[in-house]
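Student: I've got this model open and I'd like a close look at its charged side chains. Take me through who they pair with and what surrounds them, please.

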Amino acid sequence: MSRRAVRGFTNQHVPREVLERVLSAAAWAPSGSNLQPWHVYVLTGGPLAELKKRARVRVAARDPWDEREYEMYPPTLKSPYRERRSAFGEQHYGSLGIAREDVEARQRAAAANWDCYGAPAALFCYIDRDMGLPQWADVGMYLQTVMLLLRAEGLHSCTQMAWSVYRKTVAEILSPPEELILFCGMSIGFEDVTVSDARAARAPLDETVTFVER
């Protein structure tokens, strides 16, 4: 399994026919009663550059985030999720040489989200606000399918719920229908191997899987 969240991309062009091939195949991802509750927009070229520019303006101005339309994480994370999130933060920022107490450097690193980590293509996934939790799970399976198919094409990706707090800026470019909620963005491109970023550890199998046998 070579899929992982990549946070550094080259500016090498991603052909539209490759993206169409990936998304056509990903349409076969499973969904309850075949609802296919995902709504996807793909940005490249000038429109993506404009979105990045507007996002940079907001970051520079320290513009408050847009109000959330869903919670990214529970307000209070219990064990073991709290420890896993903390360990990821230490790994990620540590690989960038950023100390835990360097809040400003962490904010600068986080701002790379809204440059799509330099990626030349980005996908934005919406879901109808009338959909329930099972349909959100369907969207997750769809996105995972997209990411695996991108690897088959030699591409990498990074899903980013961070875009949901700049959803109004995204909407300025995409003009989505009011009934849709922006779930996440996804940066897509060829990996910049000169960018350091630790691969997040995974919990041991016995922490997440229980075999029930005779």
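Tutor: What follows is a walk through the charged residues, with a look at two of the helices along the way. Keep in mind that this is a predicted model.

Let's begin with R58, which sits in helix 2 (residues 45–60). R58 has 10% relative accessibility, under the 20% cut-off, so it counts as buried. Its partner in a salt bridge is D66, with the closest N and O atoms 2.9 Å apart, and D66 is buried as well. The side chain of R58 also makes a polar contact of 2.8 Å with the side chain of D63. Beyond its neighbours within four places in sequence, R58 is in contact with D63, P64, W65 and D66, and also with V165, Y166 and T169.

Now compare D128, at the end of strand 2 (residues 121–128). D128 is buried too, but it has no salt bridge: the nearest side chain of opposite charge is R129, and that is 6.4 Å away. What D128 does have is the backbone nitrogen of D130, which lies 2.9 Å from a polar atom of the D128 side chain. Setting aside residues within four places in sequence, the contacts of D128 are P37, H39, E179 and L180.

R129 itself does take part in salt bridges, as a member of a network with E67, E69, R167 and K168. Inside that group, the side chains of K168 and E67 meet at 3.6 Å, N to O. This pair links distant parts of the chain, since K168 belongs to helix 6 (residues 167–174) while E67 is in the loop between helix 2 and helix 3, 101 residues apart. K168 counts as partly exposed because its relative accessibility is 40%, and E67 is also partly exposed, at 45%.

For a local pair, go to helix 1 (residues 16–26). R16 and E20 form a salt bridge with their closest N and O atoms 2.7 Å apart. Both are in helix 1, four residues apart, or about one turn of the helix. An α-helix has 3.6 residues a turn, so residues three or four places apart point the same way. R16 is exposed, at 60% relative accessibility, and E20 is partly exposed, at 40%. Altogether, the count for the model comes to 15 salt bridges.

The buried residues of helix 1 are V18, L19, V22 and A26. They span an arc of only 95 degrees around the axis, so they are on the same side of helix 1. The elements covering them include strand 1 (38–44), strand 2, helix 5 (133–152) and strand 4 (180–189).

Helix 5 is worth a stop of its own. It has 20 residues and reaches 29 Å from its first C-alpha to its last, close to the expected 28 Å. Its buried residues include the charged D138, along with Q135, V139, Y142, L143, V146, M147 and L150. These pack against helix 1 and strands 1, 2, 3 (156–160) and 4. Just after helix 5, G154 takes a positive phi of about 85 degrees.

Last comes R85, in helix 3 (residues 81–95). R85 is partly exposed, with 47% relative accessibility. Not counting residues up to four places away, R85 touches Y73 and L77. Its C-alpha is 27 Å from that of L149, 64 residues apart along the chain.

How values were computed
Residues are numbered from 1 along each chain as its sequence is written. This is a predicted model: local features need pLDDT of at least 70, side-chain atom pairs count only at pLDDT 80 or more; totals for chains, interfaces and linings use all residues. Side-chain values use heavy atoms; hydrogens and water are left out. Helices (H or I, at least four residues) and strands (E, at least two) are DSSP runs, numbered from the N terminus. Buried means under 20% relative accessible area, exposed over 50%, partly exposed in between (1.4 Å probe, protein chains only). Lys and Arg count as positive and Asp and Glu as negative; His and the chain ends are not counted. A salt bridge is a side-chain nitrogen of Lys or Arg within 4 Å of a carboxyl oxygen of Asp or Glu. A polar contact is a pair of N or O atoms within 3.5 Å; within protein, one must be able to donate a hydrogen and the other to accept it, and residues adjacent in sequence count only if both atoms are side-chain atoms. Contact means heavy atoms within 4.5 Å. The arc is that of the directions from the helix axis to the C-beta atoms. The expected span of a helix is 1.5 Å times one less than its number of residues.
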